[in-house]
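Colleague: Let me quiz you on this model. Short answers, please.

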Amino acid sequence: MARRILIADDERTIADTLATIVGMHGYEARTAYDGEQAVDTARQWQPHIFLTDLLMPVMDGFEAAIAICRILPECRVLLLSGVASIADLTSELRQKGYHFEILRKPIPPEELLAQLRQEDGAGGLA
């Protein structure tokens, strides 16, 4: 059974491209273009991994990640951020009790695939 990855990004080209890349490497991918759509898709499809941009309309990636982890506690969350200070963001999230992995955007395909191959941990809620 292929690992299911839900990819959320309001930039459709990015979401669709990432889905194509992971699909070519044996993953089953679905896309969402805002956080609310991601939560609805996760509820129905139950992905193993949620890969999301942080800044999106309707519901941002962080809020969507929290909601998805409440529905699917074992879902691994990878946040994509174009924010320069990822270390500050990581520290802030950990202080709030969240342990999401944060990747710098744009991410080279080989780096993304290496991250996906890492051992899955529990979801991001402490």
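Modeller: Start with one pair: Ile7 has Thr31 in strand 2 as its bridge partner. The model is predicted, so to speak of local features we need pLDDT of at least 70, side-chain atom pairs count only at pLDDT 80 or more, and totals for chains, interfaces and linings use all residues. Residues are numbered from 1 along each chain as its sequence is written, and side-chain values use heavy atoms, with hydrogens and water left out.

Colleague: How do you know that strand 1 and strand 2 pair?

Modeller: Two strands pair if DSSP finds at least two bridges between them. Strand 1 and strand 2 have 5 bridges, in the parallel sense. So by that rule they pair. Strands here are DSSP runs of E, at least two residues; helices are runs of H or I, at least four; both are numbered from the N terminus.

Colleague: What is the order of the strands in the open sheet?

Modeller: The order is 2-1-3-4-5, with parallel pairing. Strand 2 (28-32) and strand 5 each have a single partner strand, so one side of each lacks a neighbour in the sheet.

Colleague: Which residues of helix 5 are called buried?

Modeller: Leu112, Leu113, Gln115 and Leu116. Buried means under 20% relative accessible area, exposed over 50%, partly exposed in between (1.4 Å probe, protein chains only).

Colleague: Why do the buried residues of helix 5 line one face?

Modeller: Down the axis of helix 5, they fall within an arc of 160°, so they line one face. The arc is that of the directions from the helix axis to the C-beta atoms. On the other side, Glu110 and Arg117 are exposed.
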